[in-house]
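Reader: I am new to this structure and would like a close look at one part of it, set against the rest of the chain. Please take your time over the answer.

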Amino acid sequence: MTPAAEHGAQTLTPAELEFLQQTFDLAREGETGALGLRIDAGVPVNLTNSSGDTLLILAAYYQHAAAVDLLLARGADTSRINDRGQTALGAAVFRQSEPIVRALLDAGADPGGGTPSAVGIAQFFHLDEMSGLLQSPPTTAG
């Protein structure tokens, strides 16, 4: 018996691993329709890859606002930090994506989360517009 089997862990098949890799690719590519179908079918919205990247972090980094919106609507956790200390908000600030920064802030993302934080990224790269967004209150619809 393998150690994983002794602890009740399951080993994924190559086909399952490929399916999950394709799910991360959908987030990277902004394929919102297919990504939504997979999440609605049971793929965890906070699925994390071997680098600690969530679907939300990838969608934010690759500047896919519609995918970010979809993931947030499905309950994606804005506070998740990858293995390099990065958050979705930090990725969006780095990429200077105003709509994604606003969406993440409206969903409760912490500008001080991560290492470096979104605030730290904006300061380090002299991203004054991003700094201003991070200091403004969320614009939640009412």
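Is serine 97 buried or exposed, and at what relative accessibility?

Author: This is a predicted model, and serine 97 counts in it as buried, because its relative accessibility is 9% and the cut-off for buried is under 20%. The place of this serine is in the loop that runs between H6 and H7. If residues up to four places away in sequence are not counted, serine 97 touches Gln63, Ala92 and Met130.

To see what surrounds that loop, it helps to begin with the whole chain. The protein chain holds 9 helices and 0 strands, so that its pattern, read along the sequence, is α-α-α-α-α-α-α-α-α. Of its 142 residues, 39% count as buried, and its accessible surface comes to about 7800 Å², with 54% of that belonging to carbon and sulfur atoms. Among contacts between residues at least 6 apart in sequence, 65% join residues that are at least 24 apart.

The interior comes next. In soluble globular proteins, nonpolar side chains tend to be buried together. Here the largest nonpolar core has 38 residues, and those with the most contacts inside it are Leu35, Leu71, Leu89, Val93, Val101 and Leu104. The elements giving two or more residues to this core are helix H2 (14–29), H3, H4, H5, helix H6 (88–94), H7, H8 and helix H9 (128–135), and the largest share, 6 residues, comes from H4.

Valine 101 shows how one of these core residues is placed. Leaving aside its neighbours within four places in sequence, valine 101 is in contact with Leu89, Ala92, Val93, Met130, Leu133 and Leu134. Two of those names return us to the starting point, for Ala92 and Met130 are also touched by serine 97.

Helix H5 (residues 65–73) offers another view of the interior, with Ala67, Val68, Leu70, Leu71 and Leu72 buried in it. The buried residues of H5 pack against helix H3 (32–40), helix H4 (55–61) and helix H7 (98–106). After H5 comes glycine 75, whose phi is positive, near 95°.

Charged side chains add a further set of links, and a search of the whole structure finds 4 salt bridges. In one of them the side chains of arginine 74 and aspartate 40 meet, at 2.7 Å from N to O. That pair links distant parts of the chain, since arginine 74 is in the loop between H5 and H6 whereas aspartate 40 is in helix H3, 34 residues apart. Arginine 74 is partly exposed, with a relative accessible area of 34%, while aspartate 40 counts as exposed at 53% relative accessibility.

Another salt bridge is formed by the side chains of aspartate 53 and arginine 84, at 3.3 Å from N to O. This pair also links distant parts of the chain, with aspartate 53 in the loop between H3 and H4 and arginine 84 in the loop between H5 and H6, 31 residues apart. Aspartate 53 counts as buried because its relative accessibility is 8%, whereas arginine 84, at 46%, counts as partly exposed.

A salt bridge within helix H7 brings us back to the helix that follows the loop of serine 97. The side chains of arginine 102 and glutamate 98 meet there at 2.9 Å, N to O, and because these two residues are 4 apart in helix H7, they are separated by about one helical turn. Both are partly exposed, arginine 102 at 31% relative accessibility and glutamate 98 with a relative accessible area of 28%.

On the outside, Tyr61, Tyr62, Phe94, Phe124 and Phe125 make a nonpolar surface patch of about 510 Å². One of these residues, phenylalanine 124, has its place in helix H8 (residues 118–124) and counts as exposed because its relative accessibility is 61%.

Finally, the record has something to say about part of this chain. UniProt, in an unreviewed entry, lists residues 51–83 and 84–110 for "repeat: ANK". Over residues 51–83 the model is 48% helix and 0% strand, and the end C-alpha atoms lie 6 Å apart. Residues 84–110 are 59% helix and 0% strand, with their end C-alpha atoms 17 Å apart.

Technical notes:
Residues are numbered from 1 along each chain as its sequence is written. This is a predicted model: local features need pLDDT of at least 70, side-chain atom pairs count only at pLDDT 80 or more; totals for chains, interfaces and linings use all residues. Side-chain values use heavy atoms; hydrogens and water are left out. Patches are made of residues with over 30% relative accessible area and no salt bridge: like charges are joined within 9 Å, nonpolar side chains (Val, Leu, Ile, Met, Phe, Trp, Tyr) within 5 Å. Accessible areas come from the Shrake-Rupley method with a 1.4 Å probe; for residues, only the protein chains shown count as cover. Buried means under 20% relative accessible area, exposed over 50%, partly exposed in between (1.4 Å probe, protein chains only). Contact means heavy atoms within 4.5 Å. A nonpolar core is a set of buried Ala, Val, Leu, Ile, Met, Phe, Trp, Tyr and Cys residues joined through side-chain atoms within 4.5 Å. UniProt positions are given in the numbering used here, feature names are shortened, and annotations may be inferred rather than shown by experiment.
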